[in-house]
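User: Please give a close account of a single part of this structure, a helix together with the sheet beside it. I would also welcome remarks on sites elsewhere in the chain, where they can be described in the same manner.

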Amino acid sequence: MKQVVQNYKSGELALLDVPVPGCKPDGVLVRTAYSLISTGTELMKVSEAGMSMLGKARSRPDQVAKVVQSVATNGVPATYRKVMGKLDSYTPLGYSLCGVVEQVGAGIDDVKVGDLVACAGNEHALHAELNWVPKNLYAPVPDGLAPRHAAFGTVGSIAMQGVRQGESRLGEVALVIGLGLIGQLVVQLLTASGVRVVGADPDPARCELAERLGAAACGDPASAAVENAVAELTGGHGVDQVYLAAGGGSNQPVELAARLSRDRGRVVDIGKCRLDLPWNAYYEKELDVRFSRSYGPGRYDPAYELEGRDYPIGYVRWTERRNLACFLDLVARGSVDVEPLVSHVADFDDAVETYQNLKDGSLKAVAVLFRYPGDTTEAEAKAPEVAVPAVRRGGAEASAPVRAAKTPVRLAFVGAGNYATSMLLPHLAQRDGIELSTVVTTTALSAANAQRKFGFAEATTDLDAVLGDKSVDAVFVVTRHSSHAELTRKALLAGKTVFVEKPLALTEDELAGVLAAVEESGNDRLQVGFNRRFSPLLQEARKRFGARTGPASLRYLVNAGQLTQGSWYLQQGTEGSRFAGEGGHFVDTASWLLGADPVSVYAVAPSGNEDLQIVLGYPDGSTAAISYVTTGAPGFPKETLDLVADGKVLRLDDFVRASVYGRKRWVSSRLPKARDKGQSAELAAFVKAVRTGGPMPVPLESLVATTAATLAVQAGLAAGAPVTLAGPR
């Protein structure tokens, strides 16, 4: 299928061939009939992509701050790879469309194949021939409403949420500053609510259009016309509400809002304009400044948008989906007329040219629609469909699949997110004797990006086809945590060698399922991405420390830091706790340094935060204390470790420097720019095992023991007592 994309680094726009997205549960696959270009938001994004790197940095100071912090935490090379990976990727465009349901996922009962729906979301309602849309981001189109008009649903919801924030009442007077697409819709919604509207925009054509659609008067904000109209309609008191629907860097809109508002009026920001509020003007009138967040309640909440958890109507009357349905109803009943806003309808095949014409000004428009090819009234072809458990291997001794001599190792990736593209694929793409066969994702564009950047032979959303491909030697599972165990289980049963990023499992049942697959298939060719034991710096320090004769004490401080709002790590209901997701790294490192698997776990947590104190016990009396903290200073190193035994001390400082104190002192040279946490060496060891059929880099028993100990932390916290890890049964 085709999709409109942009490379944020170069600014290139393209109509790209990408795989058809899979139809996941709790959502529908929609074939697009019309999609709407947001001439404000989207053109701003297109313009930003055309800036120099310095211009991009100036336009997004929030992202620059994140980069600086990442350099302090991860070093320059890792941060550079991460940033360039994001910049030099195709990103989608679009967020408002109408189309026909082509496939219905499990759990959906309010629409059926062939139904017409309006869809929202900058990750789901894209300029693409097919989109997967979760249940709270689509709404059925009322009978008789044309698809081209229903495609306005998302931008209509944005305007509606702004009007709701203004709390307009019958007979009031409102000022709408900025008469682009959103502003024109705000004018109509206010008029339909019994509010008299004055509009302000420097474009005479937009002012004339707003007056035709119900505004009492409109004019250039720099002229006296707007001020005179407000004075006449309000008896000189000023407007009850001001809606800022303008963009750009001028501070004129907020200054005009203060001047023309009544005492204690309301100012609602809908667009993205400069907001240097004149303190005296806003203070003296005690103006109420409000922000309107996109389509309505539910926006940016993963539980609502992705998991389909609705808000009770008694507590949240108007959600994203209810706003979408309400706007469609208003258009269907003629209370809002979107047809006069349609400046141009372009064939989807001409998408790139259309964006260029909008950008260079040769096409002046309020709203532009893409019309998609084919008959969209009927659905077409469907898209492709805490005890440590004993490690039992079914049948005969497990062996590696037979490979032809001197043939490249063929690898498939399931998932192509940030970690895969910044920390794994760059190392693999540079190695001889490796063929990147297929990349599988649930979203079409991430697969296409990985294929373009790393040279995968194929990109698809069909996992079963990859698992059934006998030419694929190994499968990398680099998806969200909640899917790791099930995908690993399927790949093992398919006879594949598997590399799964941590964690292997989030529950004891998931871990048992993986081991059942090993027993059933006799396939134990599994590696979990516990990379720190492969770090060259830590390997050298361990060698310098030497053998020990007595018990050891290990202290591991992990300054994990706070997560940013919206991080999927916060979705503990589906993705498990943060420690369950990444704690295996630190348990594995401690166990490798101590040369054994833990036999007990004791965990405590201070009240009110996510900090954890964990003590692991080992068979010879050694202990490892892991302090996993989120409340530390962000500038402090992320990982520091001390190992003490037999009159010797090994110290690791954040994979930048290591030292060993004993009869002789050894200190590594400082690595100011790089933190090698072992990914490259780990991948080399894994590929060697695949190529030669030799043993896996880490024994399966160790992977299971580490996972069981990590899971036992939560059990220990709940019990408030140490947890004994029974040996394999």
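Analyst:
**A helix and its sheet**

Helix α7 is followed by G194, a residue with a positive phi near 85°. The model is predicted, and the description below should be read accordingly.

The length of the helix can be checked first. Taking 1.5 Å a residue, the 12 residues of α7 should span 16 Å, and the C-alpha atoms at its ends are 17 Å apart, which agrees. As to its surroundings, α7 is mostly covered, with 10 of its 12 residues buried. The buried residues run from L181, I182, G183, Q184 and L185 through V186, V187, Q188, L189 and L190. Some background on helical geometry is useful here. An α-helix has 3.6 residues a turn, so residues three or four places apart point the same way.

The sheet beside the helix is open and consists of 6 strands in the order β11-β10-β9-β12-β13-β14, with parallel pairing. Its edges are β11 (217–219) and β14 (288–291); each has a single partner strand, so one side of each is left without a neighbour in the sheet. On average, neighbouring strands are turned by 20° against each other, direction ignored. Within the sheet, β9 (residues 173–177) and β10 (residues 196–200) run parallel and are joined by 5 bridges. In this pair, A174 of β9 stands opposite V197 in β10. Helix α7 (residues 181–192) packs on the sheet, where it touches β9, β10 and β12 (239–244). The direction of α7 makes about 170° with that of β9.

Two further sites may be set beside this part. N136 lies in the loop between β7 (130–134) and β8 (138–140). Its relative accessibility is 4%, so N136 counts as buried, the limit for that class being under 20%. A polar atom of the N136 side chain lies 2.9 Å from the backbone oxygen of Y304. Leaving aside residues up to four places away in sequence, N136 touches Y304, G308, R309, D310 and R321.

The other site, E458, is found in strand β19 (residues 458–460). With 48% relative accessibility, E458 counts as partly exposed, since that class lies between 20% and 50%. The C-alpha atom of E458 is separated by 6.3 Å from that of S437, although the two residues are 21 residues apart along the chain. Again leaving aside residues up to four places away in sequence, E458 touches S437, T438, V439 and Q451.

Conventions. Residues numbered from 1 in each chain as written. Predicted model: local features only at pLDDT ≥ 70, side-chain atom pairs only at ≥ 80, totals over all residues. Heavy atoms only, no water. Pairing = 2+ DSSP bridges. Helix = DSSP H or I, 4+ residues; strand = E, 2+ residues; numbered from the N terminus. Axes fitted to C-alpha atoms, helices over the stretch in contact; angles between N-to-C directions. Contact = heavy atoms within 4.5 Å. Expected span 1.5 Å × (residues − 1). Buried < 20%, exposed > 50% of the residue type's maximum accessible area, 1.4 Å probe, protein only. Polar contact = N/O pair within 3.5 Å; in protein donor to acceptor, adjacent residues only side chain to side chain.
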